Amino acid sequence: MSVADILALRHTAEIYARGADRRCKADWEAVLADDVEISGPGFHTIGRAANLESIDLLARMFRATRHLIHNQTVTIDGDIAYGETVATAEHVVPQAEGEALLCWAIRYQDVWRHEADAWRFTRRELVVDWQELRPLAPTGAL
């Protein structure tokens, strides 16, 4: 297991997070394998093209999101890697009195495959450990 591989695997999680937050399908295309499976509470999506549609769903559900990658543990076995990526996912949601911040403490159970000189996700299972909803101050109110 090389340091370069460990950094490259973390980078895939960071690019995935950036893609979600910027609604950038090109970011997800770069880090998802063609046969990727992404699942979580209430959903299971198979294939890169189908998962790219999730970007549009994020845009419809939330005004903005911010995904923060905290730590990651990985094991590499040849061209396959297994790991857990711990993160916080923040979602701006409408409420009767303005907006709120829906925060999830999450973990991804990840599997990657090394292909075409890059690591790509073949599986991501989203585990939500807990969530919190709190009022969001209007921009510039501080």
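The residues lining the largest cavity divide into seven nonpolar, one polar and one charged. This cavity belongs to a predicted model, and the structure holds one cavity of 30 Å³ or more. The points below take up the cavity, then helix α3, then two loop residues with positive phi.

**The cavity**

- The space in the largest cavity comes to about 40 Å³.
- Its lining is made up of Ala13, Tyr16, Ala17, His67, Ile69, Ala87, Ile106, Tyr108 and Arg124.
- Among the elements that supply the lining, α1, β3 (64–77) and β5 each give at least two residues.
- The largest contribution to the lining comes from α1, which gives three residues.
- By class, the lining has one charged and one polar residue beside its seven nonpolar ones.

**Helix α3**

- Helix α3 covers residues 48–61, which makes 14 residues.
- At 1.5 Å a residue, α3 should span 20 Å, and this agrees with its end C-alpha atoms, which are 20 Å apart.
- Asn51, Leu52, Ile55 and Leu58 are the buried residues of α3.
- These buried residues lie on the same side of α3, because they cover an arc of only 110° around the axis.
- The cover over the buried residues of α3 includes two helices, α1 (3–22) and α2 (25–31), and two strands, β1 (32–40) and β2 (43–46).
- On the face of α3 turned away from the buried side are the exposed residues Ala49, Glu53 and Arg60.
- Helix α1 thus has a part in both topics so far: α1 gives three residues to the lining of the largest cavity, and α1 is among the elements that cover the buried residues of α3.

**The loop between β5 and β6**

- Ala116 sits in the loop between β5 (98–115) and β6 (118–136).
- The phi of Ala116 is near 50°, which is a positive value in a residue other than glycine.
- Ala116 has a relative accessible area of 71% and is therefore exposed, the cut-off being over 50%.
- Asp117 is found in the loop between β5 and β6.
- For Asp117, phi is near 65°, again a positive value in a residue other than glycine.
- With a relative accessible area of 75%, Asp117 is exposed.
- Strand β5, which borders this loop, also supplies at least two residues of the lining of the largest cavity.

Technical notes:
Residues numbered from 1 in each chain as written. Predicted model: local features only at pLDDT ≥ 70, side-chain atom pairs only at ≥ 80, totals over all residues. Heavy atoms only, no water. Helix = DSSP H or I, 4+ residues; strand = E, 2+ residues; numbered from the N terminus. Expected span 1.5 Å × (residues − 1). Buried < 20%, exposed > 50% of the residue type's maximum accessible area, 1.4 Å probe, protein only. Arc of directions from axis to C-beta. Contact = heavy atoms within 4.5 Å. 1 Å grid on protein atoms, 1.4 Å probe; cavity = no way out; pocket = protein on both sides within 12 Å on 5 of 7 lines; lining within 4 Å. Points joined across faces, edges and corners; volume = space filled by probe spheres on them. Nonpolar A, V, L, I, M, F, W, Y, C, P; charged D, E, K, R; others polar.
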